[in-house]
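Work through the two exercises below with the structure open. Try each task before reading its solution.

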Amino acid sequence: MKGKLVVQPLTELIRELSVKGLSGAMRLVKERAQTAVYFEGGRLIYAASNLKSLRLREYLIKRSNGSESQVARLDSNLPDLDLAAALTANGTIRQEDIDALLALLVRDVLRVALLWTEGTWEFDQRARLAKPISVNVDVSTLLREAAQRMPMHFVAQRFRNPTETISRAADMGQTSNFLPAESFILSRLDEPLKLADLVSISGLPEMDVYPLIYGLALSGLLNREYWQNAFRTEGLPGGKEQTAVPPAQVLSAPQPEQTDNWASAAAENEDPEEFLKRLKQARNYYEVIELPPTAEAGEIKDAYYALARRYHPDRFHLKSGAKLHSQISSAFARITQAYETLINPEQRSIYDQTLERSRQFSDAAPKPDETAEVKSVEDDEFAPTAAETELGRAEYSFREGFGALQQRRISAAVAHLAVASRLAPNEARYRAYYGHALAGEPKTRKLAENEMQAALKLEPDNATFRIMLAELYFELKFHRRAQTELERALAIDPKNARGHSLLRKLEKSRKVG
């Protein structure tokens, strides 16, 4: 069986082989680079590459563990597993050390190959490793990480049906290393949702949320209604299993390592932590790419490519841990989205108009309770420096969302208010107004009730929140529930005009009924 990676990337091939419990070897070719990935009963057990920088010999030399002289004496063309066996047999390296190094090597081989969207693949069900080995690799995390790093437009094209149903997997296991946005998406799937609805309530731009959904689905944490499968289980060829030659012989002889334009850029003593801090503080696309709103197209293009040379995720592939690398990938995705919006004259015009409308309405947003122990931002002025904290970013998103809600731009309001709720889930205002925005669409009213109930658990004596919930119940024709919430609200604030207006509607509906 064979195919093209643009149709079935390795991410999806691994998922399908795992689901169907298949065994064999997957051979990938992209120009002069080649990778072989081995499976046993659907479990990924080993991977090897012909790139010099992804060979065991190079890893041993880089780590300077005293084995350089022993390594140099061995045949330079030895396959990685034969090299490992030779070094453990003569006592140069302990077995546990070589196992750990092989696990690191396999992870790095996969991190590269998982991003290939060009090239070909071929799967041989009969192929097996000549030497028994099973490397312990967290494939789930690698798939989610790859989804964040793949080209955004490529990932978006994997979701062609907005009515596709997405649901949470029944068995979530003990996975705990979720990104905050991944946890937020999972928390919104108490019941299956259409893809378009999940994107809408995620609080993220489409191009940001698709990689999150894609990664969670690839790793089996979400169920998708549609996958483009490559294998038909019933059509797999039978026959005896065939012992394969070692991985390095399955591949061609090592070729000169390909130069990566991003990775080979001259180092400029970049501080990734400072870069991530700046991106967190950025409140709009202009601040993301560090340009004023008056910047011309040429300046935007130059700024984007300058940032790409310095902070493209591939530059940090081997320089950072998985967590930091994932953060850099997400941050650079935001830079790309800013560039794609601002470089398009029509999209930029719409974006500029949205910014202006938001500025006009944001100051009318409800302020934090002055009696609260912790304030998200200063009550008298929303200073840009508040974005230095998560609460500051949440307050900024809340004000943007409230402004959109006042303008009846429901989708934009949901997006901004969802961000605020995700960043500060214990702030009752955010949860209440997020629920109020969700109530504007019939398909998300169940979620709206959940958010309002959460707000009332945080502030049970808030009359405004209870009236919001009563209004939702009234729209759903749950008049008895609406009456109950309204009575509680008016007991707290007897002169509330909004509450009395709803009371008159309820009385009128009872007369009509």
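The exercises cover one sheet and one helix of this predicted model.

**Exercise 1. The sheet**

Task: Work out the strand order of the sheet that holds β6, β7 and β8, and name its edge strands.

Solution:
1. Start from β6, residues 165-168. It is joined to β8 by 3 bridges, and the two run antiparallel.
2. Place the residues on that side. Arg-168 has Leu-222 of β8 as its bridge partner. Ser-167 lies opposite Asn-223 in β8.
3. Turn to β7. It shares 2 bridges with β6, again antiparallel. Here Ile-166 is partnered by Leu-193 of β7.
4. Put the strands in order: β7-β6-β8, an open sheet of 3 strands with antiparallel pairing.
5. Name the edges. β7 (193-194) and β8 (222-224) each pair on one side only.

**Exercise 2. Helix α21**

Task: Check the span of helix α21 against its residue count, then describe its burial and its two ends.

Solution:
1. Take the count: α21 covers residues 463-475, which is 13 residues.
2. Apply the rise. The expected span is 1.5 Å times one less than the number of residues, so α21 should span 18 Å.
3. Compare. The end C-alpha atoms of α21 are 18 Å apart, which agrees.
4. Assess burial, taken as under 20% relative accessible area. In α21, 10 of the 13 residues are buried, so the helix is mostly covered. Among them are Phe-465, Arg-466, Tyr-473 and Phe-474.
5. Look at the start. A side-chain oxygen of Asn-462 comes within 3.0 Å of the backbone nitrogen of Thr-464.
6. Look past the end. Lys-477 follows α21 and has a positive phi, near 65°.

Note on methods. Residues numbered from 1 in each chain as written. Predicted model: local features only at pLDDT ≥ 70, side-chain atom pairs only at ≥ 80, totals over all residues. Heavy atoms only, no water. Pairing = 2+ DSSP bridges. Helix = DSSP H or I, 4+ residues; strand = E, 2+ residues; numbered from the N terminus. Buried < 20%, exposed > 50% of the residue type's maximum accessible area, 1.4 Å probe, protein only. Polar contact = N/O pair within 3.5 Å; in protein donor to acceptor, adjacent residues only side chain to side chain.
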